[in-house]
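This report considers how charged side chains are placed in a protein model. Please examine the sequence and the structure shown here before reading on.

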Amino acid sequence: NRMNQAALKIRITHGNSIAMGPGKADLLEAIDRLGSISSAARQMQMSYKRAWDLVDTINKSFTQPLVTSSPG
C-alpha cells in the first residue's frame, strides 16, 4: 500500500540554487551509465539544454566539477 510508504528527499543548496536533489542525482546516474549528457537527456526525455543547465549548476556548486565534458 503506497499510503504507508515513507519517502525521504534530500536537497543540497548552494546560495539560491539547488546544488543537488533527486532529479540531478538521477541525471548524474544516467550520464555515468550512458557516457554522455545528450544520451542521458534523451533517456530522461529532457532537452540537451536543460540537462546542460542542470550539470552547469551542479558543477558550479561544488569545489571540483562532478561532470567533465569533452567534444565528440
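## A buried lysine without a partner

In this predicted model, Lys24 is buried but takes part in no salt bridge. The nearest side chain of opposite charge belongs to Asp56, and it is 10 Å away. A salt bridge requires a side-chain nitrogen of Lys or Arg within 4 Å of a carboxyl oxygen of Asp or Glu, so Lys24 and Asp56 do not form one.

Lys24 is found in helix α1, which covers residues 22-34. Leaving aside residues up to four places away in sequence, Lys24 touches Ile18, Ala19, Leu54, Thr57 and Ile58.

## The salt bridges of the model

Side chains of opposite charge can pair when their charged atoms come close. How many salt bridges does the structure hold? There are two.

One salt bridge joins Asp53 to Lys49, with the closest N and O atoms 2.9 Å apart. These two residues are four residues apart in helix α3 (residues 48-61), and therefore about one helical turn separates Asp53 and Lys49. Asp53 is partly exposed, at 31% relative accessibility, while Lys49 is exposed, at 56%.

## The partner of Asp56

Asp56 has a salt bridge with Lys60, at a distance of 3.1 Å from N to O. Both Asp56 and Lys60 lie in helix α3, four residues apart, or about one turn of the helix. Asp56 has a relative accessible area of 28% and is partly exposed; Lys60, at 61% relative accessibility, is exposed.

Terms used: Residues are numbered from 1 along each chain as its sequence is written. This is a predicted model: local features need pLDDT of at least 70, side-chain atom pairs count only at pLDDT 80 or more; totals for chains, interfaces and linings use all residues. Side-chain values use heavy atoms; hydrogens and water are left out. Buried means under 20% relative accessible area, exposed over 50%, partly exposed in between (1.4 Å probe, protein chains only). Lys and Arg count as positive and Asp and Glu as negative; His and the chain ends are not counted. Contact means heavy atoms within 4.5 Å.
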